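Reader: Could we go through the salt bridges here? Please start with one pair and work outward.

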Amino acid sequence: MNATMRSYRFLTLTAALCLAGCPTDSTVRRNPFLTLTENLGISIGDNENDNGGGTSTPGSGTFRRNLTLTLSNISDADLNVKLAAWVNIGSIRTKAQEDALIAGGYRELGADETVTFGNAFTLPPGTFVFAGPGPGGATTLVIAPGTTTGDEDNEVITPTTQDFVLIAPDVILFYAAPPASCDSAAFVFSIDGEVVDSDRVTPVGDIYQGATGSGGVKTLAQVSAYACDPFRPGLFLRVGGGGRQPNEYFEGESIRVDFSRTPFNRNTGESARVTIIPAQ
């Protein structure tokens with residue numbers, strides 16, 4: 001990092017601490033889900049041109065322990081989702097830590113590069129974002145359907161998985177549309193590029209707000225670990241000991257996210273199940 005960037009970081013660190021991955025307050029209550037499905041179809045925003053895929057394995061570093069993230073598609077349709085992860089400015093203390101992050105597949109946002117994720121997060125210059133070519137390091141993923149065996153009455157789907165190994169970030173976010181509320185689209189199922197609109201789900205309470213009952217597009221509210229009140233989508237690094245919330249992980253742990261077109265629980269609408277696996 002050059003001298004100009006270091007000076008910029010020093011001068012803006014205090015102001016940036018509350019921006020670096022912190023949720024922002026907003027009274028905007030639009031329904032981005034309907035905008036997505038009615039106007040954009042399968043195009044899920046951000047103007048990214050990326051085929052997704054691939055496992056990224058960082059070199060060994062001294063900043064933090066590695067984390068393995070597994071995304072699992074247990075449906076019979078393509079899973080479309082964006083993945084972003086970042087390390088906040090306030091978490092980085094030394095040049096050696098910066099070097100470890102760069103060696104591990106992160107890049108630093110430049111002096112004129114501020115990134116917003118809907119109403120949920122603002123990443124200021126100096127934030128380290130993981131890997132991807134999209135805004136804020138986001139990577140667009142298309143994960144193939146699972147393998148189906150058995151007959152119609154005894155169907156078994158073996159999931160298709162994709163693994164990422166990365167130095168533990170402060171925040172992991174997967175989403176489809178820029179998160180503005182828990183009505184925003186979290187992930188999309190498609191067949192031959194068309195959003196699935198069969199297997200309609202009868203709405204049960206607010207969990208399906210914006211989902212219009214479709215089996216093809218799921219909202220942030222349907223991700224098991226995401227917080228809606230207050231609005232705080234994503235998974236977060238737990239610093240220090242003590243208990244943790246369902247959306248928090250410790251260094252060295254593994255995270256598995258199972259995505260399903262049919263909700264795991266129709267009463268709660270849970271369609272992405274987050275499992276945090278303790279470090280060995």
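Author: In this predicted model, D76 and R261 form a salt bridge, with their closest N and O atoms 2.6 Å apart. D76 lies in the loop between β1 (66–73) and β2 (78–87) and R261 in the loop between β19 (254–259) and β20 (272–277), so the salt bridge ties together parts that are 185 residues apart in sequence.

Reader: Is R261 buried or exposed?

Author: R261 counts as buried, at 9% relative accessibility. Its partner D76 is partly exposed, with a relative accessible area of 37%.

Reader: Turning to helix α3, how far apart are D99 and K95 there?

Author: D99 and K95 are four residues apart in helix α3 (residues 95–103), which means a separation of about one helical turn. They form a salt bridge whose closest N and O atoms are 2.6 Å apart. D99 is partly exposed at 37% relative accessible area, and K95 is partly exposed at 36%.

Reader: And which residue does E248 meet in a salt bridge?

Author: The side chain of E248 meets that of R238, at 3.5 Å from N to O. E248 sits in strand β18 (residues 248–249) and R238 in the loop between β17 (235–237) and β18, so this pair, 10 residues apart, links distant parts of the chain. E248 counts as buried at 11% relative accessibility, whereas R238 is partly exposed at 25%.

Reader: Which residues are joined into one network?

Author: R256, D258 and R273 are, through salt bridges that share partners.

Reader: How many salt bridges does the count come to?

Author: The count comes to eight salt bridges.

Definitions and conventions:
Residues numbered from 1 in each chain as written. Predicted model: local features only at pLDDT ≥ 70, side-chain atom pairs only at ≥ 80, totals over all residues. Heavy atoms only, no water. Salt bridge = Lys/Arg side-chain N within 4 Å of Asp/Glu carboxyl O. Helix = DSSP H or I, 4+ residues; strand = E, 2+ residues; numbered from the N terminus. Buried < 20%, exposed > 50% of the residue type's maximum accessible area, 1.4 Å probe, protein only.
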